[in-house]
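Visitor: I'm new to looking at proteins, and I'd like to take a close look at just one part of this one. Could you pick a helix and walk me through it?

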Amino acid sequence: MRHLIVAFLALVTAGCNPFSEAPSMMDEYVERVARVLDGEGALSELPEIQRMPRRRDRRMDMPDLELGILDFLSLYGCQLQYVVGERNSVMGRVMDPLNRLRYELRFIEAARDCLPDIGREKLKKSVEQAIDSKLESLPVAIWNATWATEEIETLFTLSKGYFPVAADGNPVSDLSADVSRLNSTVRSLLEGRLDHSLDYVGEVHQRWQAEHRAGQLLNSARLLIARLDDATAIIRSRLGSRPLCIDGKPNNQSDIVRNMFFSVYIDRIQPYMSDVRRARDDLIRPLAALSVAQEEIMPDSFRAWSRRYLATTGDDSLWQALDRAMAEHTESWQQLLGQCGLRPGA
């Protein structure tokens, strides 16, 4: 019985710990800054985050080019016959984006292999034109197999909360490695080097469906921006009124402020900000590279979203707004503690 009581109390204590989850931790931080500085701890509304454009707005139409039925029959014994037959099957007509990309690559490879064996000049020219057409539309197939998939929506869903506080290891390491490998494949395909296996891409898509880290990072970025700005406003309000210390001499209140600064901001808030920024660099940056590599083909509806949530620089960038909020908050603390000769790093 005693062990049950101890376990219950441990659960209750954990549940009451405001530093176990990002929203409660950041709200608590603002309240403590206000308390030690005799300020008002108002919490602002979180900035809105737009969801990724709908799949139908991201997906691009593929031109449907196939050989005529007579030409198809005349290629009997050539591998291209079977590739085209697969596309014309019931399952082939409802290929998902990844399988459609695989098909496009198989078509190009099989058509190139068939060319030396085609004796009819007219048919040979038709196959050459088909290859050229497939190469021209290949960037569309690549786009659809990356940014127009259902799985990428799940990776960026906003319904799965925030990036974890004090997570063990690196929660985005596998996702980061996946996207880096995918970037290499996409670059090669766009440069015309088509001999790349796509066998691993299905596993990448499965991880995108199972892990929601990109959306969690967006949620955490907007939370940090809002709460850091809230706390910065409190500190600046104090800077604009009576000084924390007279003639640079510490006092009881400055000791309380300093203790809170180290025990909460340095020990709790800064590590979380570092975790979010590191995860941003590990995951969002390679995803941004995957977007930029296909910038010429991306739909306009996606372009604005990409500038806001993938790009790490630019006036529209959520991540630049986060960098700004962090820098301004750090500077406000330095000014406040500098009044008492306690400026960090001095």
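Guide: Gladly! Let's begin where helix α6 starts: there, a side-chain oxygen of Asp96 comes to within 3.2 Å of the backbone nitrogen of Leu98. Keep in mind that this is a predicted model.

From that start, α6 covers residues 97-114, which makes 18 residues. At 1.5 Å a residue the helix should span 26 Å, and its end C-alpha atoms are indeed 26 Å apart, so the expected and computed spans agree.

Now look at which parts of α6 are tucked away. Its buried residues include Pro97, Leu98, Arg100 and Leu101. Further along the helix, Tyr103, Glu104, Leu105, Phe107 and Ile108 are buried too, as are Ala110, Ala111 and Cys114.

Two of these names come up again inside the protein. Leu98 and Leu101 help to line the largest cavity, together with Ile142, Ala145, Thr146, Leu182, Thr185, Val186, Leu189, Leu198 and Val201. The elements giving two or more residues to that lining are α6, α7 (121-146) and α9 (173-190). Of the elements, α9 gives the most, with four residues. The cavity has a volume of about 60 Å³, and the count of cavities of 30 Å³ or more comes to one.

Finally, step back to see where α6 belongs. The protein has 14 helices and zero strands. Across its 346 residues, 44% are buried. Among contacts with a separation of 6 or more, 79% join residues 24 or more positions apart in the sequence.

Terms used. Residues are numbered from 1 along each chain as its sequence is written. This is a predicted model: local features need pLDDT of at least 70, side-chain atom pairs count only at pLDDT 80 or more; totals for chains, interfaces and linings use all residues. Side-chain values use heavy atoms; hydrogens and water are left out. The expected span of a helix is 1.5 Å times one less than its number of residues. Buried means under 20% relative accessible area, exposed over 50%, partly exposed in between (1.4 Å probe, protein chains only). A polar contact is a pair of N or O atoms within 3.5 Å; within protein, one must be able to donate a hydrogen and the other to accept it, and residues adjacent in sequence count only if both atoms are side-chain atoms. Contact means heavy atoms within 4.5 Å. On a 1 Å grid over the protein atoms alone, a cavity is a set of points where a 1.4 Å probe fits but cannot get out, and a pocket is an open set with protein on both sides within 12 Å along at least five of seven lines; lining residues have an atom within 4 Å of a point. Grid points are joined across faces, edges and corners, and a volume is the space filled by probe spheres set on the points.
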